[in-house]
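This report looks at contacts between side chains, and it asks the reader to follow each pair in the sequence and in the 3D view.

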Amino acid sequence: MIKETLFILLGLLVTIFPLSSSKAQTEHNKRDLITQLDSISKKHASHPSLAGVSVAVVHKDSTLLHKGYGKADLELNVSTSRNSIYEVGSVTKQFTAAAILHLVSKDSIQLDNNITEYLPSYNTRGHTITIRHLLYHTSGIQPYLSLPHAPHVMSEPLFSADPVPRDSILSLVGKFPLRFAPGTAMSYSNTGYFILGVIIEKVSGLSFKEYVESNLLEPLNMNNSYICSDKAINKQEAKGYFWFEGKGIQNRPINLLKPKWEIGMSGLCSTSGDLVRWTKALHTSEVLPDSLYNKMITPGHLLDGTELRYAMGIGYRKANGHKSLQHSGSTAGFMSNLRYYPSSDLTIAVLQNTRGIPKATNIPKTDVALGDTLAYTILGEGERVQINPYKDDLSPFTGLYSGPAATGVRTLEVQEEDGQLIISSFGSNKNTQLIRISGLTWRPDNESSEDRYIFIQKENEVPELRIDRVHEHLVLHRID
């Protein structure tokens, strides 16, 4: 009996100690990882071109990092905290897309309706432009700020009580032809998301601010998030700065403070913690029912069936084999990056209150660069894109290709040099060497680049070149 008891006790000891050791090792590894992430963020924020940075990293249900670094206000010597509030720029677009789909769930909006159903006076130039086109940036509508007289429409007194009339902007945009027929190409469009913001106001009867705050932010207890205002003062708001070569960090000009016309495309103020809360809620169907959530995160298509790398207010990246859903933002004095890795349930939010990248730095001090480094530290470097040298005649690909882009016409020249394809903007001396990945798809000779150049071959000719990026898919045709 005594022997049996001893054997049982020994068995228990053998079983218990390996488990305890394994658990301790896991905790030790986690502490090391947290220290590493903190060190990376601290080093990033210490660069003299940055005022302050707030970072949140949540892996599954574990918060690995949630801290602020540097200064939220240089003049008042206010340190950045985890709860510092930033203007997040175009990260706002996923909130706009979610608001549109929220109205779809109420049968107030149909994605494939012409926008004239909601804005009867808008001049579509004889085309059908749908809500879906606006969400995917495939409408062809010209960017508002590049149009003549746009600054005049914006020249309201800075602190006036009334915002810029929406109809004034819509009327101006409608006077100009589309860059391309809707659905035939993709070009990132702030104007398209501004129009979505106006549609939300027209359909709901609420201001964009009221609709987003009451239907998206408040239900999620995003208490430090709101549509920015130049009248309301929040002591947690970080101050925006610019970095200029040779001058250092400067205050952003007063005429760039929180424009009132930026509904839909920009305008959200938030914290890194609130953005993580939003991301978790969005990707667990807490914001939208499953059917609409799946629509929101599904990349769009062109009319010819080409799949884009952009869904509704969210871009798709595949860097080093790691797939992520993310969006960056930049506005006067601020930069932001919010990303989610579905396969590993990893969320990273990086907010900075300085714009401008020093030319002399080896590593760009951007929000995206820090997000990449943090992600790879957790997930590993992953796989590299394989290259497959093209061994046949390259001459069919050489020549000039031209087509509509965001702010005009893009013309590229493709040349052969020492058995390699070289591409450049027409008339420019700056060349980029292309490396073949597979088929007729090339990428720049830069391992980190996600840009793709796709030649379309028909019989023995190459009449078309596609520029495929996360935020655009341009169709260029061969010209003489």
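In this predicted model, Asp468 has a relative accessible area of 10% and is therefore buried, as this falls under the 20% cut-off. Its salt-bridge partner is Arg309, and the closest N and O atoms of the two are 3.5 Å apart. Arg309 is buried as well, with a relative accessible area of 17%. The pair links distant parts of the chain, since Arg309 lies in the loop between α9 and β10 while Asp468 lies in strand β21, 159 residues apart.

The structure holds 18 salt bridges, and three of them, including the one just described, are set side by side here.

| Salt bridge | N to O distance | Separation in sequence |
|---|---|---|
| Arg309 and Asp468 | 3.5 Å | 159 residues |
| Glu450 and Arg317 | 2.5 Å | 133 residues |
| Asp112 and Arg132 | 2.8 Å | 20 residues |

In the second pair, Glu450 sits in the loop between β19 and β20, whereas Arg317 belongs to strand β10. Glu450 counts as buried at 14% relative accessibility, and Arg317 counts as buried at 13%. These two residues are also part of a network of salt bridges that links Arg317, Arg339, Asp372 and Glu450. In the third pair, Asp112 lies in the loop between α2 and α3 and Arg132 in helix α3, and Arg132, at 23% relative accessibility, counts as partly exposed.

Asp372, a member of that network, is among the buried residues of helix α10. This helix has 13 residues, 367-379, and at 1.5 Å a residue it should span 18 Å, which agrees with the 18 Å between its end C-alpha atoms. After α10 comes Gly380, whose phi is positive, near 90°.

Aromatic rings form another group of contacts, and the count comes to 10 aromatic pairs. The rings of Tyr401 and Phe455 have centres 6.0 Å apart and planes at 65°, so this pair is edge-to-face. Because Tyr401 lies in strand β15 and Phe455 in strand β20, the pair ties together parts that are 54 residues apart in sequence. Phe455 also pairs edge-to-face with Trp442, at 5.4 Å centre to centre and 90° between the planes. Trp442 lies in strand β19, so this second pair ties together parts that are 13 residues apart in sequence. Both Trp442 and Phe455 are buried, and Tyr401 counts as buried at 0% relative accessibility. Ring pairs link these three residues with Tyr390 and Phe397 into a cluster.

Conventions: Residues are numbered from 1 along each chain as its sequence is written. This is a predicted model: local features need pLDDT of at least 70, side-chain atom pairs count only at pLDDT 80 or more; totals for chains, interfaces and linings use all residues. Side-chain values use heavy atoms; hydrogens and water are left out. Helices (H or I, at least four residues) and strands (E, at least two) are DSSP runs, numbered from the N terminus. The expected span of a helix is 1.5 Å times one less than its number of residues. Buried means under 20% relative accessible area, exposed over 50%, partly exposed in between (1.4 Å probe, protein chains only). Rings of Phe, Tyr and Trp (its six-membered ring) pair if their centres lie within 6.5 Å; planes under 30 degrees apart count as stacked, over 60 as edge-to-face and the rest as tilted. A salt bridge is a side-chain nitrogen of Lys or Arg within 4 Å of a carboxyl oxygen of Asp or Glu.
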